[in-house]
Amino acid sequence: MVQLEDLVYKSYCWCFGTTSFRTKNFNRKIEEQLLLLKNFFDLPQNTTQTWENNNDLQEQYYLYMQEKGFVSGDAQRKDKDARQKTSGLVDLGLIDSNRKLTQAGTSLLELSLSENFASDNFLKIPKDSFIYLKQILKTSITVETDTVRPMIVLLHLLSEFDYLSVDEFTYLLPLCTNAENTTYIKNQIRLLRQNQKTIDDIIISVLNSKENYQKALQYLLENEVTDDVICEVGINRKSHQYDMPYAILYRKLHSVFLDNEQEQIVELLKAIKAIKIGKWWRSYLFDTSNEKAIKNNPEEHINSNVFQNCESENDFKSAFFKIMHLFKAKATLSDYFDLNRRYVKTTDVVLFEDGLIKLDIVPKQFFNSAIGQLYQDAFVSCSLLHSDCNLEAISQSLIYNEQQIIADLNEDLGETVTTIEEAYSIVDSKRYERFEKLIESKFSDENLLTLLDKFDVREDDTINAMVTDNADIPTIFEYILGVIWYKASNRQGKILDYLKLSLDADLLPVTHAAGGEADIVYEYSETDSYPEHTLLLEATLADSTNQRRMEMEPVSRHLGNHLLATRNLKSYCVFATNDLNINVISDFRGRKNLIYCNTQNPDDYIEGMKIVPLETSDLRNIIKQGKKYPELYRRFETAFCSTEVHPKKWYDNFVKID
């Protein structure tokens with residue numbers, strides 16, 4: 001006889017971080033949080049304070065975050081919210097349990113403040129990503145009695161299969177909590193790809209192997225069904241009472257499928273709506289989400305399902321138990337997907353594209369050669385979590401072997417390169433191939449026009465959904481301007497180098513806490529249409545109090561310093577915004593007749609600067625009319641050389657593209 005105390009929730013999967021810190025601008029938020037924690041503990045009243053078991057200090061930190069604009073609203077449990085906002089950084093080893101910055105966290109913060117994220121390592125990933133990579137390789141998670149280092153398990157599966165599908169990454173990878181489970185999941189993935197198993201089959205088989213689920217099913221079969229019994233066998237993580245809606249659902253399912261009371265179908269739909277994860281049940285039981293259609297013709301919209309095959313009470317109980325826990329597990333794993341992807345993407349070694357998850361080229365060669373030895377550490381914790389150590393300190397398998405990289409790359413890509421420089425050249429060309437595919441799939445002219453419309457009215461959520469939510473909207477605007485200009489330039493030039501933005505492994509923009517220069521430096525070689533020159537593209541968006549007047553100073557400073565450094569007076573700047581202010585136009589037009597001096601040496605100066613202001617309406621017409629750069633260059637040069645001094649007349653008659 002099963003005892004109630006046997007029916008307890010036990011974790012069966014891992015997840016990076018906590019869902020309470022699933023945030024947009026993930027990299028920037030981590031960097032900002034590190035700075036906030038450092039400054040908070042530098043306050044005289046906090047220097048000797050201990051975080052653990054100190055609710056008052058935790059509440060004070062929440063209020064500090066609130067004061068600095070890091071959190072909005074007013075949490076009911078401020079101490080709890082402060083713990084949740086920082087726990088993910090503890091897991092990553094960037095702070096310790098007392099929320100003090102570790103050596104690794106200090107290194108990341110210093111890097112952020114330096115604004116130097118250059119890809120100066122053999123993996124060709126940004127400096128901050130290299131720190132994240134080391135930290136995530138060291139990060140371990142405890143799942144009941146198991147310890148697992150998820151990044152090593154992911155690398156192991158990618159080495160084994162070359163890629164994971166989104167479903168495999170979402171629902172199966174987190175089930176790899178120990179060596180035995182991982183071997184089982186690998187075998188199941190092989191069967192899945194041979195169409196001999198489904199994702200649902202695999203999840204159910206994993207749950208059925210757990211003793212608490214076995215006992216819960218036995219308890220259900222042994223007892224008459226009551227509300228309390230259903231709540232007990234739901235083994236809810238928080239409280240059994242949270243599962244009370246399932247008792248109603250059970251009765252309605254029983255009425256429809258075992259008692260054949262078809263008139264109860266509409267009531268079944270109502271019971272499903274009362275379930276927090278009811279969407280899983282609705283899509284399983286009904287062929288439409290249109291409630292009106294279901295109510296009009298209930299029987300016509302029932303999907304084929306396991307309940308239709310139940311011939312006895314115990315058949316029905318078993319089916320209900322299986323489907324209830326399947327959907328609970330899928331909802332949990334689906335919820336964790338976003339967090340796991342965010343953490344993995346900070347490393348910039350894993351690509352998420354075309355519905356597949358795989359390693360980038362150089363990381364693939366590096367980790368595939370190391371994974372045999374590295375995997376031996378997949379289920380033991382790392383003592384170096386807080387240290388900013390070298391890769392080889394994490395594992396001797398992670399020693400960089402240049403010749404091995406070259407050999408593996410040649411074998412993988414069918415190349416015959418002999419030097420690492422040639423290898424990186426191949427990698428760079430593959431990167432541009434991926435960028436071209438990205439433009440075709442994500443940044444068609446139609447999508448670019450839609451995005452420009454959304455920038456004008458600041459529909460930020462839509463912009464994030466269309467591009468990325470790991471960059472703020474001004475950064476995305478700069479990126480989109482670069483894409484528009486690349487297409488107008490017939491996709492000539494090394495745009496990924498010209499974009500002075502941090503890009504992730506999927507070539508989408510990333511915003512950092514400090515932020516660098518907000519410009520794009522486009523280099524043009526001499527042609528019949530224009531001389532050799534550099535174009536600085538500057539972008540800004542109007543805020544709630546109208547366009548930032550301070551944008552005038554950095555634009556002219558960036559161009560002036562560039563001209564002083566290069567002495568190529570053919571170079572110029574295009575300034576793009578969604579709302580041109582007349583005095584901004586006037587200032588930029590006036591730069592034609594002003595001297596710009598080297599602040600360190602006033603005798604070193606240039607005379608006149610060409611700055612062309614554009615609005616999003618002009619960018620739209622560049623796209624709609626298929627304008628190409630030679631024509632734009634001539635237009636801007638004519639505008640610059642004109643004698644018109646009134647800013648509105650100058651812009652309307654010479655610059656505006658209509």
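**Exercise 1. In this predicted model, find which residue takes a positive phi in the hairpin of S4 and S5, and describe how the two strands are joined.**

Solution. Begin at the turn: the hairpin of S4 and S5 has two residues between the strands, and Asp 354 takes a positive phi near 55°. Next, look at the strands on either side of this turn, which run antiparallel and are joined by four bridges. Finally, pick out one facing pair, in which Glu 353 stands opposite Leu 356 in S5.

**Exercise 2. Work out the order of the strands in the open sheet, and explain why one side of S3 and one side of S4 are left without a neighbour.**

Solution. First read the order of the three strands, which is S3-S5-S4, with antiparallel pairing. Strand S3 (164-165) and strand S4 (350-353) stand at the edges and have a single partner strand each, so one side of each has no neighbour in the sheet. Then turn to the pairing of S3 with strand S5 (residues 356-359), which is antiparallel and rests on two bridges. Within this pairing, Leu 164 has Ile 357 in S5 as its bridge partner.

**Exercise 3. Decide whether the residues on the two faces of S4 are buried or exposed.**

Solution. Take one face at a time: Val 350 and Phe 352 lie on one side of S4, while Leu 351 and Glu 353 lie on the other. All four of these residues are buried, and both faces of the strand are therefore covered.

**Exercise 4. Locate Leu 451, decide whether it is buried or exposed, and state how far its C-alpha atom is from that of Ile 361.**

Solution. Start with the secondary structure, where Leu 451 belongs to helix H21 (residues 445-457). Its relative accessible area is 0%, and since buried means under 20%, Leu 451 is buried. For the last step, follow the chain to Ile 361, which is 90 residues apart from Leu 451, and note that the C-alpha atoms of the two are separated by 31 Å.

**Exercise 5. Name the residues of a positive and of a negative surface patch, and place one member of each in the secondary structure.**

Solution. On the positive side, Lys 80, Arg 237, Lys 238 and Lys 276 gather in a surface patch. One of them, Arg 237, sits in the loop between helix H11 (227-233) and helix H12 (244-258). On the negative side, the patch is formed by Asp 497, Glu 523, Glu 526, Asp 528 and Glu 532. Here Asp 497 is found in helix H24 (residues 495-498), and at 39% relative accessibility Asp 497 counts as partly exposed.

How values were computed
Residues numbered from 1 in each chain as written. Predicted model: local features only at pLDDT ≥ 70, side-chain atom pairs only at ≥ 80, totals over all residues. Heavy atoms only, no water. Pairing = 2+ DSSP bridges. Patch = residues over 30% accessible without salt bridge, like charges linked within 9 Å, V, L, I, M, F, W, Y side chains within 5 Å. Areas by Shrake-Rupley, 256 points an atom, 1.4 Å probe, with all protein chains shown as cover. Salt bridge = Lys/Arg side-chain N within 4 Å of Asp/Glu carboxyl O. Lys, Arg positive; Asp, Glu negative; His and termini not counted. Charge placed at Lys NZ, Arg CZ, Asp CG, Glu CD. Buried < 20%, exposed > 50% of the residue type's maximum accessible area, 1.4 Å probe, protein only.
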